[in-house]
Amino acid sequence: MAFELHQTMLAGDSPGASTTLYWYTAGPQTAPTRVHLQAALHADEQPGTMALHHLLPRLRDADTAGQLTARFTIFPSVNPLGLATTTLRHHIGRYDLETGVNYNRRWPDLYPLIAPAIAGRLGNDPQANIAIIRAAVIGWIESQRPGSAIQQLRLLVLRSAAAADIVLDLHCDDDSLKHIFTSPELMPGLQDLADWMGVAATLTAQDSGGGSFDEVLPTLFRKAQLANPDHPIPAAAETATLEYRGRADSFDHIGQEDAAGLFGFFAGRGLIHSDPGARPQPAPGPTPFEATEVLRTDAPGLLAYHVELGERVSKGQPIADLIAMDGPQAFMARRPILAGTDGFVLSRVSGKYVRRGASIAKLVGTSILPGRAGAYLLED
Ligand SMILES: [Zn+2]
């Protein structure tokens with residue numbers, strides 16, 4: 001049986017400390033297609049882990065029945081270092097507390113690192129070119145000497161992802177509808193995933209500015225193609241960040257639904273020989289992430305929302321009132337925070353006390369917003 005639990009020890013950064021990463025593989029080792037699934041890179045985001053909890057037995061059973069035609073590598077909770085970080089009884093899963101670095105930022109820009117290794121070696125066979133690039137990435141990873149536990153983890157995860165044709169990174173937002181972040185050239189190729197997930201939006205960006213995990217491989221192949229225009233280099237890794245609603249949305253019935261969506265997607269691709277059933281209603285097509293407004297406050301206060309998730313809004317419409325918490329009208333005055341675009345409400349925040357500059361909503365529009373084009377697009 002190919003379904004297997006693995007344990008990898010990450011040597012700790014302090015005496016006696018080490019961390020164990022648990023992960024699974026399923027499907028034939030020699031399968032032509034490889035799938036990399038991970039959840040909770042932001043270790044305080046559990047809905048993806050719940051989805052994979054419900055997907056794992058289905059993959060095990062499909063494996064037992066000989067139905068898997070892809071090799072799956074699954075990290076149900078990919079960041080045990082982040083799971084371990086609590087301070088003042090609060091779980092800090094988004095940032096490495098030692099360095100302040102967001103776990104889903106500053107992933108490497110691989111092309112410049114492997115360009116010397118592939119120089120003069122590319123030919124006219126796209127699949128051979130992909131193999132050369134992947135081997136160069138693996139070679140670069142193996143040449144690294146990680147200086148910390150988190151670097152060990154990042155290299156281990158990247159090594160698995162770099163070998164894969166489909167790379168799905170499961171996250172969640174704060175209070176949110178389901179959505180996908182991916183690279184523009186991967187759409188409409190991943191529209192089937194959007195449909196099976198039932199997302200409210202697919203937001204695309206070549207470079208959102210933060211070095212997110214899901215941008216590493218599309219950026220690698222894009223840069224390789226641009227630098228080697230005489231050689232065919234397809235976008236060989238379908239990579240996406242899957243946002244499974246809000247942080248509180250971790251329940252069995254939701255996880256089962258999300259696992260069923262992923263199973264349907266894989267079955268629909270022929271990676272599991274099983275009837276995927278009827279493809280769900282089409283999800284909306286992609287929109288540029290630059291057309292999504294990240295609405296922010298210009299003062300601290302208490303939020304009183306006027307809108308629900310999914311609600312259509314017009315530019316100038318109040319999204320929330322901000323109740324003053326200081327000044328001459330403290331706890332009496334309130335003023336509206338206005339939408340800067342036509343669109344719909346994709347996300348809100350669950351903590352209603354906000355500081356100045358806090359993002360309070362994402363509004364998905366269709367027109368590129370001034371100030372967003374070419375800018376840092378992420379919330380933190
Ligand atoms: Zn996240």
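**Close-up 1. Arg372 over the face of Phe289 in the predicted model.** In this predicted model, Arg372 lies over the face of Phe289, at 4.8 Å from the ring centre. A second arrangement of this kind involves Arg348, which lies over the face of Tyr305 at 5.2 Å from the ring centre.

**Close-up 2. The zinc ion and its donor residues.** The zinc ion is coordinated at 2.0 to 2.4 Å by ND1 of His42, by two OE contacts of Glu45 and by ND1 of His171. The angles among the four donor atoms run from 56 to 147°, and the site of the zinc ion is irregular; this assignment follows because four donors count as tetrahedral only if all angles lie between 85 and 135 degrees, and the site does not meet the square planar criterion either, being classed as irregular. For reference, the ideal angle for four tetrahedral donors at a metal is 109.5 degrees. Along the sequence, the donor residues follow the spacing H-x2-E-x125-H. His42 belongs to the loop between β3 (33–39) and α1 (47–64), whereas His171 belongs to strand β7 (residues 166–173), so the pair ties together parts that are 129 residues apart in sequence. His42 counts as buried, at 2% relative accessibility, and His171 is likewise buried, with a relative accessible area of 2%.

**Close-up 3. Trp23 and Phe75, a stacked aromatic pair.** The structure holds six aromatic pairs, and one of them is formed by Trp23 and Phe75, whose ring centres are 5.5 Å apart and whose planes stand at 20°, so the pair is stacked. This pair links distant parts of the chain, with Trp23 in strand β2 (residues 18–26) and Phe75 in strand β4 (residues 70–75), 52 residues apart. Trp23 is buried, with a relative accessible area of 17%, a value that falls under the 20% limit for buried residues, and Phe75 is buried with a relative accessible area of 1%.

**Close-up 4. The ring cluster of Phe72, Phe265 and Phe266.** Phe265 and Phe266 form a tilted aromatic pair, with 5.2 Å from centre to centre and 50° between the planes. Both Phe265 and Phe266 are buried, and ring pairs link these two residues with Phe72 into a cluster.

**Close-up 5. Pro370 in the segment after β20.** Pro370 is found in the segment that follows β20 (359–364) and is exposed, with a relative accessible area of 78%. The C-alpha atoms of Pro370 and Ala43 are separated by 33 Å, and the two residues are 327 residues apart along the chain.

Definitions and conventions. Residues are numbered from 1 along each chain as its sequence is written. This is a predicted model: local features need pLDDT of at least 70, side-chain atom pairs count only at pLDDT 80 or more; totals for chains, interfaces and linings use all residues. Side-chain values use heavy atoms; hydrogens and water are left out. Donors are N, O and S atoms within 2.8 Å of the metal (3.2 Å for Na, K and Ca); water is not among the atoms, so sites may look incomplete. Four donors count as tetrahedral if all angles lie between 85 and 135 degrees; four count as square planar and six as octahedral if opposite donors are over 155 degrees apart and all others between 65 and 115; anything else is irregular. Helices (H or I, at least four residues) and strands (E, at least two) are DSSP runs, numbered from the N terminus. Buried means under 20% relative accessible area, exposed over 50%, partly exposed in between (1.4 Å probe, protein chains only). Rings of Phe, Tyr and Trp (its six-membered ring) pair if their centres lie within 6.5 Å; planes under 30 degrees apart count as stacked, over 60 as edge-to-face and the rest as tilted. A charge sits over a ring if NZ of Lys or CZ of Arg is within 6 Å of the ring centre and within 35 degrees of the ring normal.
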